[in-house]
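Colleague: Please show me how to read a pocket and a sheet, with the general idea before the case.

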Amino acid sequence: MSRVAAVDCGTNSIRLLVADADPATGRIGELDRRMRIVRLGQGVDRTGRLAPEALERTFAACREYAEVIGGLGVERVRFVATSASRDAENREEFARGVVGILGVEPEVISGDQEAEFSFTGATKELTDRQGLARPYLVVDIGGGSTEFVVGDGRVRAARSVDIGCVRMTERHLVVDGRISDPPAPGQIAAIRADIERALDLVEETVPIREAGSLVGLAGSVTTVAGIALGLPEYDSAAIHHARVPLEQVRAITDKLIGSTHAERAAIPVMHEGRVDVIASGALVLLTIMERIGAREVVVSEHDILDGIAWSIA
């Protein structure tokens, strides 16, 4: 058994998993799993730089995580940074801050590496489950990018494209510094067009239509699942491996697109940091399902964090 800590710092959130990993059994004993919305990618699509206030929010979360890691006696830590950090001119400032707080260098991984970690984390425990056709298509809808991975036990093909929920929201729904509430039909059409173009790129190298089962990861997908289940509050155990039919994803997406900020914020499973970006995230999921003809999405709470933990163990 190895006690490890995995940190995943994305465009919208930074997350921590502390676990005892047992390679012999293929199981992870979770000790602590937490998430903070820090919106590190605030404005990166427009400015190419990490904003000072976004960096400070992220460093505050790192200080919290350092206390947890120290208190649990972690042996090894791996800090992975994804889309926003890849794109930013001042990523060295971010790296220095992380080293100073956690003592480890953040690894700004490629989209392909991100895809491999996501696939491992999402599918490692699916191998013994019945009723899921293979190969799997794992889709990780992040804040800045979305990863597509097709595989069956191992990765066959993967690609990362820039259609994350934060990026789509900032690119198409912000007018004069304010997010449209609710968005106009033309704005939604522009997001759709961006997603469709990105899916054209994905299909050049990844056979997404050959998927037997669609496995969806990250906050946009799990939030849609929580809404579909009618949960009175966010319940990770109930959401993990839930199956949400296409018709329900479509109805929820339409409702989110047509809702105001206040109406979305009142949804019991909605994290306050997702209120402004959930409509874009749900639209990414819906468009993917329609493109590949998926009748349902299997939702996983285990994702890139679990893949990072396995890479250490």
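Modeller: β2 (13–22), β3 (27–37), β6 (136–141), α8 (219–229) and α13 (304–312) each give the lining of the largest pocket at least two residues. Helices (H or I, at least four residues) and strands (E, at least two) are DSSP runs, numbered from the N terminus. The model is predicted: local features need pLDDT of at least 70 and side-chain atom pairs 80 or more, while totals for chains, interfaces and linings use all residues. Residues are numbered from 1 along each chain as its sequence is written, and side-chain values use heavy atoms, without hydrogens and water.

Colleague: What volume does the largest pocket have?

Modeller: On a 1 Å grid over the protein atoms alone, a pocket is an open set of points where a 1.4 Å probe fits, with protein on both sides within 12 Å along at least five of seven lines; lining residues have an atom within 4 Å of a point. Points are joined across faces, edges and corners, and the volume is the space filled by probe spheres set on them. Here it is about 630 Å³. Of 34 lining residues, Ser13, Arg15, Met35, Gly219 and Arg274 are closest to the centre. α8 supplies the largest share, four residues.

Colleague: Which strands stand at the edges of the sheet?

Modeller: Two strands pair if DSSP finds at least two bridges between them. The open five-stranded sheet has the order β3-β2-β1-β4-β5, with mixed pairing. β3 and β5 (107–108) are the edges: each has a single partner strand, so one side lacks a neighbour in the sheet. Parallel strands β4 (residues 76–81) and β5 are joined by two bridges, and Ala81 has Val108 as its bridge partner in β5.
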